[in-house]
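Welcome! Please have a look at the structure below, and then read on for a short tour of its strands, cores and charged pairs.

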Amino acid sequence: MIIFALIFVYMVFSVTAYLRRDKVMFYEVQEGSIVNNKNYTGIILRQEEVKTTDRSGYVNYYVREGKRASTGTRVYSIDETGTIATFLAENAQDKVALKPENLSGLKKQLTSFSLAYNSDRFQSVYDTKLSVDAEVLEYMNFNSLDNLGDQMDKAGVNFQQVRSDQAGIVSYGIDSYEALNSSAISEESFDRTKYTKNITKSGSLIEKGVPVYKLITSDLWSVVFPLAEEDAKTYGDKTSLTVQFSGHDLKIPGNFTVFTGTDGKTYGKLDFDKYMVQFASDRFVDFEIVSKRADGLKIPVTAVTKKDFLLVPMDYMTQGGDSTETGFNKEVYSQSGTSVVFVPTEIYYSEGNNYYIEMNDKDGFKAGDYIVKPNSTDRYQIGPSASLQGVYNINKGYAVFKQIDVLSSNDEYYTIKKNMTYGLAVYDHIVLNAETVSEGELIYQ
């Protein structure tokens with residue numbers, strides 16, 4: 001009974017101690033990478049010329065949105081009496097269908113909008129709706145005019161045709177940003193709640209002097225966007241950045257500059273000479289700056305700590321006696337005089353001509369100690385120190401500091417250099433939270 005009672009007490013004590021003991025969580029090191037791509041919204045700037053009509057009447061377009069028109073191309077017609085609209089209403093076929101190329105264009109536009117949709121910018125829904133409505137009406141009018149062209153000639157329907165006076169990309173969205181340039185940019189320019197875009201539909205009655213369309217006359221275009229203080233430091237010395245546009249399978253490099261807006265704030269500017277036509281209908285564009293991918297070992301930020309080390313010259317390292325251990329010859333002092341003792345030493349890191357060794361007053365080294373160079377009478381007094389970032393490796397059941405070299409980081413993880421001589425390896429176990437343990441502590445997983 002006494003024996004069983006002692007066993008019971010021991011078991012109760014062990015269970016209680018286990019339950020009250022802080023559990024040390026570990027993390028298994030894996031290969032991985034961190035891509036710190038950052039998302040931005042920019043304003044597209046380009047060379048645009050707004051064209052106005054010289055008379056009132058009903059407008060009908062002949063060039064689709066985003067298409068290139070050469071000098072002399074018939075862009076639209078003005079019907080001052082409304083005879084075209086009446087003729088189309090009386091003679092249009094019941095089944096004027098969209099052509100396959102028409103449906104393909106609409107599908108691309110809606111797919112692009114869906115991929116780039118952000119609920120925080122719901123205004124873009126109305127912009128897209130207006131654009132799609134206008135495009136559908138244009139397609140229907142184009143197809144109707146194609147089918148009824150001969151009949152209109154026979155009926156003697158007269159109207160004024162207007163042709164382009166220069167070459168460029170045709171767009172029907174007028175938003176008052178056509179004359180905007182980087183020297184006039186401010187935070188107010190990015191306020192989407194105040195942004196409006198007017199699209200005149202085919203068949204609409206317009207007044208004299210009203211903007212009827214615009215021409216984009218150059219393939220050169222720019223994107224300007226706000227830069228936070230941190231971003232300005234990150235990209236301030238860059239002359240080129242690669243960007244990925246949301247909703248477009250397009251990744252392109254652009255010349256990059258930083259400038260100050262009229263409100264004194266910092267902005268970035270990306271200049272491009274290709275793919276302008278794909279954004280001819282857009283004013284605001286979402287994109288991300290593509291950062292270089294850093295491959296290595298991925299560890300949590302919470303696992304990282306710092307430790308101070310002594311710096312000693314590499315050429316003072318030696319091998320002790322008959323053993324294979326490496327270390328340094330240390331001068332020791334006693335009543336009988338000065339002698340040299342070999343002290344096995346673990347190397348934590350090497351940089352330049354120095355090794356990083358642990359501070360150990362009891363049986364290692366401390367500041368002020370002298371070490372002797374092998375096969376020489378040269379002496380070196382230990383003094384300089386430096387700190388290293390590292391983690392606690394627990395492969396052996398107790399916490400061992402291992403140095404790391406950080407390649408990239410975000411709020412949760414570091415990507416560190418792999419294959420380091422004194423560092424970590426894939427599948428090593430490290431303490432998840434470095435603050436919960438101290439070096440040399442036994443770990444209960």
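This report walks through a predicted model, going from single residues to sheets, cores and salt bridges.

**A buried glutamate and its surroundings**

Let us begin with Glu65, which sits in the loop that links strand 4 (57-61) and strand 5 (68-69). What does this acidic side chain have around it? Glu65 is buried but has no salt bridge. Lys197, the nearest side chain of opposite charge, is 6.4 Å away, and a salt bridge would need a nitrogen and an oxygen within 4 Å. Instead of a charged partner, the side chain of Glu65 reaches a backbone atom, the nitrogen of Tyr172, at 2.8 Å.

**Following the strand pairings**

Strand 5 leads on to strand 8 (residues 168-171): the two pair in the antiparallel sense over two bridges. Within this pairing, Ala69 stands opposite Gly168 of strand 8. Strand 8 also runs antiparallel to strand 12 (residues 211-226), with three bridges joining them. Here Ile169 has Ile216 of strand 12 as its bridge partner.

Strand 4 can be followed too. An open sheet of four strands, with antiparallel pairing, has the order 7-6-4-11. Which strands form its edges? They are strand 7 (160-163) and strand 11 (205-206), each of which pairs on one side only. Strand 4 and strand 11 run antiparallel and are joined by two bridges; in this pairing, Gly57 has Ile206 of strand 11 as its bridge partner.

**Ser222, a meeting point in strand 12**

Back in strand 12, we find Ser222. Is Ser222 buried or exposed? Its relative accessible area is 11%, so Ser222 counts as buried. Ser222 and Ile44 are 178 residues apart in sequence, yet their C-alpha atoms are 5.7 Å apart in space. Leaving aside residues up to four places away in sequence, Ser222 touches Ile43, Ile44 and Leu45, and also Lys269, Leu270 and Asp271. With Asp271 there is a polar contact from side chain to side chain, at 2.6 Å.

**Two nonpolar cores**

Strand 12 matters for the next topic as well. The largest nonpolar core has 23 residues, and Trp221, Phe245 and Phe287 have the most contacts inside it. Two or more residues each come from strand 3 (38-52), strand 12, strand 13 (240-245), strand 14 (251-260), strand 15 (266-272) and strand 16 (284-289). Which of these elements gives the largest share? Strand 12 does, with four residues.

A second core, separate from this one, has 16 residues, among them Leu388, Ala399, Met420 and Ala434.

Phe287 deserves a closer look. Not counting residues up to four places away in sequence, the neighbours that Phe287 touches include Lys38, Tyr40, Val223, Phe225, Val243, Phe245 and Leu270.

**Salt bridges**

How many salt bridges does a search of the whole structure find? The total is 22. Three of the pairs are shown here, with the distance between N and O.

| Pair | Distance (N to O) |
|---|---|
| Lys418 and Glu31 | 2.5 Å |
| Lys307 and Glu358 | 3.0 Å |
| Glu188 and Lys194 | 3.8 Å |

Take the salt bridge of Lys418 and Glu31 (2.5 Å). Lys418 belongs to the loop between strand 29 (413-416) and strand 30 (429-431), while Glu31 belongs to strand 2 (residues 30-34), so this pair ties together parts that are 387 residues apart in sequence. Lys418 counts as partly exposed because its relative accessibility is 32%.

For Glu188 and Lys194, the setting is simple to state: both are exposed.

The side chains of Lys307 and Glu358 meet at 3.0 Å. Lys307 lies in strand 18 (residues 305-313) and Glu358 in strand 23 (residues 354-358), so the salt bridge ties together parts that are 51 residues apart in sequence. With a relative accessible area of 13%, Lys307 is buried, whereas Glu358, at 29% relative accessibility, counts as partly exposed.

Finally, some charged residues go beyond pairs. Arg46, Glu48, Asp175, Glu178, Lys214 and Arg283 are joined into one network by salt bridges that share partners.

Terms used. Residues are numbered from 1 along each chain as its sequence is written. This is a predicted model: local features need pLDDT of at least 70, side-chain atom pairs count only at pLDDT 80 or more; totals for chains, interfaces and linings use all residues. Side-chain values use heavy atoms; hydrogens and water are left out. Buried means under 20% relative accessible area, exposed over 50%, partly exposed in between (1.4 Å probe, protein chains only). Lys and Arg count as positive and Asp and Glu as negative; His and the chain ends are not counted. A polar contact is a pair of N or O atoms within 3.5 Å; within protein, one must be able to donate a hydrogen and the other to accept it, and residues adjacent in sequence count only if both atoms are side-chain atoms. Two strands pair if DSSP finds at least two bridges between them. Contact means heavy atoms within 4.5 Å. A nonpolar core is a set of buried Ala, Val, Leu, Ile, Met, Phe, Trp, Tyr and Cys residues joined through side-chain atoms within 4.5 Å.
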